[in-house]
Amino acid sequence: MPLHTSSRIFLTGALAHLALAGGLLAFIAYTGVLGARWDAFLWLLLMGFLAFSTLGFALHLFPAVARRPLHPRTGDPVMAGVAETGTLLGFIALSGLLPATFAATGFALAAGLLTVTFLVISLRFAGAFRTPPVAGAGPPARPADFSTIPLFLSSWVAAAGAGLLFTVSAFQTGPGFGWWIAGVHLFVLGHVVLLIGAVSLRMVPRSLAADPPPFATGLMTVTGPLGAILVPAGMLIPSSDPEGLLSLLAIPEMIFAVTFLVILVDLAGRAKTPRPQAVLHVTAAAFFIGGGTVALWMLSTGRFTQIPVHAMLGLLGFFGLTILLMWFGMIAPFQRVSHQWTKRMLWTLSAVLISGVAGFALSGGAGGPAFRGAAEALGALLVGLALVWAVGTLPVLFPSLNPLLGLNQDRIREIRTRWSEAHKR
């Protein structure tokens, strides 16, 4: 399936933003991104890395998921420019780099630009369903497919809703935990989690040639959107016991997370075509549950020193690792050099990300003696990971680029032949 033009732009931007976020984290002593500028750093990860990744992959995957075409439009690059403007303007506004009189307006404009982007994408996807499905398009349907489209479309509605909450947060704090916190969780749980669930339920059963029980996929289809609504709503409900209320409202999301993990483990165990990469899917889901466990611990104790750990387990451990795995599976970076190299780099970059996130999570949280060192190490790892990721990805996204500087295609084929022969010995 050819890559959508906007997919190329969004995926390239995602890696650039990840490298920038890693650089800011590596120099935490000077940037203060886990302190006074935490919201700015969080915005860069949410909008710059996650949203750009989901935008890129959704545009690429929609025809396969919906079995309907999504024709490119001449204005598509403009949409990418609008999203980039919103991302950078929001980061600048939250970093305190704008005059105080313009900060709120600047952030509202940034959030509004991204909200428009999400709405346009949502309308394009919804509009595509006006056309009949393409007969015989894609591989045969599987039982879990019935959950894919509801979760997919719900995720983009949630993204637009989160954008509206972010816009409102520019001018007032809001009730309960506030519009900003509610927006963050609506975007994470309502957009990214549901989209990963939708793509996973479509791709993983096909990859492993095994299907999850219909009851389990149905449970995900119900509890995912329900949890995505209840958790942010609970953050906005004034209560004498907000922590207790939020813990209760988080039950559907916990059921979704546990069900997702159980499905992945079950599929890996029953796979007719076993694939080692299934371990990475399971590891990512375990990070998701770990991040949720930290959140529940904070609610039960009233101690919120572990917010960075909670965020990194989810944003980088679950989302980052899943995006990395799907990235390799769907656009196959490094394939112009060697498929063996593709596998090696997938496992190498995954090991780097897992070790960095795990080390940060075990550092003790904010205030711990090892916290700053773990944060700097994670930031340095993210910069290196993003750069290596880009070296292999950009030539795939833009075929006119030379895959390896200084090597032409004939030389690459010669090296690939040598590696293949060496591997057979």
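In the predicted model, the lining of the largest pocket draws most heavily on helix H11, which contributes nine residues. This pocket has a volume of about 820 Å³ and is lined by 35 residues, with His185, Met235, Gly291, Ala295 and His310 lying nearest its centre. Besides H11, which spans residues 278-301, the elements that supply two or more residues to the lining are H3, H7, H8 (214-236), H10 (251-270) and H12. By class, 27 of the lining residues are nonpolar, six are polar and two are charged.

Enclosed space was examined alongside the open pocket. Two cavities of 30 Å³ or more were counted, and the largest cavity holds about 140 Å³ of space. Of the 13 residues lining this largest cavity, Thr54, Phe57, Leu195, Ile196 and Met326 are the closest to its centre. Two or more lining residues are given by each of helix H3 (38-66), helix H7 (179-208) and helix H12 (307-331), and the largest share, five residues, comes from H3. The lining of the largest cavity comprises 11 nonpolar and two polar residues, with no charged residue, whereas two charged residues are found in the lining of the largest pocket. Helices H3, H7 and H12, named here for the cavity, also appear among the elements that line the largest pocket.

These spaces lie within a chain that has 15 helices and zero strands. Of its 425 residues, 51% are buried, and the accessible surface of the chain comes to about 17800 Å², with carbon and sulfur atoms accounting for 70% of that area. When contacts between residues at least 6 apart in sequence are considered, 81% of them join residues that are at least 24 apart.

Two positions associated with H11 were considered individually. Phenylalanine 288 is located in helix H11 and has a relative accessibility of 10%, below the 20% cut-off, and therefore counts as buried. Apart from neighbours within four places in sequence, phenylalanine 288 is in contact with Leu189, Val193, Glu253, Phe256, Ala257 and Phe318. The C-alpha atoms of phenylalanine 288 and histidine 310 are 9.3 Å apart in space, with the two residues separated by 22 residues in sequence; histidine 310 is one of the residues that lie nearest the centre of the largest pocket. Glutamine 306, by comparison, is placed in the loop between H11 and H12, and its relative accessibility of 14% likewise means that glutamine 306 counts as buried. With residues up to four places away in sequence set aside, glutamine 306 touches Val294, Trp297, Met298, Gly364 and Gly365.

Ionic pairing was then assessed. Side chains of opposite charge can pair when their charged atoms come close. Five salt bridges were counted in the model, and a network of such bridges links Asp145, Arg202 and Arg206. Within this network, the side chains of aspartate 145 and arginine 202 meet with an N to O distance of 3.6 Å; aspartate 145 belongs to helix H6 (residues 145-169) and arginine 202 to helix H7, so that this pair links distant parts of the chain, 57 residues apart. Aspartate 145 also forms a salt bridge with arginine 206, in which the closest N and O atoms are 2.7 Å apart. Because aspartate 145 lies in helix H6 and arginine 206 in helix H7, this second pair ties together parts that are 61 residues apart in sequence. Aspartate 145 counts as buried at 14% relative accessibility, and arginine 202 is buried as well.

A further salt bridge joins the side chains of arginine 270 and aspartate 266, with an N to O distance of 2.8 Å. In this case both partners lie in helix H10, where a spacing of four residues means that they are separated by about one helical turn. Arginine 270 has a relative accessibility of 38% and therefore counts as partly exposed, and aspartate 266, at 27%, is likewise partly exposed. The model thus contains a bridge set within helix H10 as well as the pairing of aspartate 145 with arginine 206, which ties helix H6 to helix H7.

Technical notes
Residues are numbered from 1 along each chain as its sequence is written. This is a predicted model: local features need pLDDT of at least 70, side-chain atom pairs count only at pLDDT 80 or more; totals for chains, interfaces and linings use all residues. Side-chain values use heavy atoms; hydrogens and water are left out. Buried means under 20% relative accessible area, exposed over 50%, partly exposed in between (1.4 Å probe, protein chains only). Contact means heavy atoms within 4.5 Å. Accessible areas come from the Shrake-Rupley method with a 1.4 Å probe; for residues, only the protein chains shown count as cover. On a 1 Å grid over the protein atoms alone, a cavity is a set of points where a 1.4 Å probe fits but cannot get out, and a pocket is an open set with protein on both sides within 12 Å along at least five of seven lines; lining residues have an atom within 4 Å of a point. Grid points are joined across faces, edges and corners, and a volume is the space filled by probe spheres set on the points. Ala, Val, Leu, Ile, Met, Phe, Trp, Tyr, Cys and Pro count as nonpolar, Asp, Glu, Lys and Arg as charged, and the others, Gly among them, as polar. A salt bridge is a side-chain nitrogen of Lys or Arg within 4 Å of a carboxyl oxygen of Asp or Glu.
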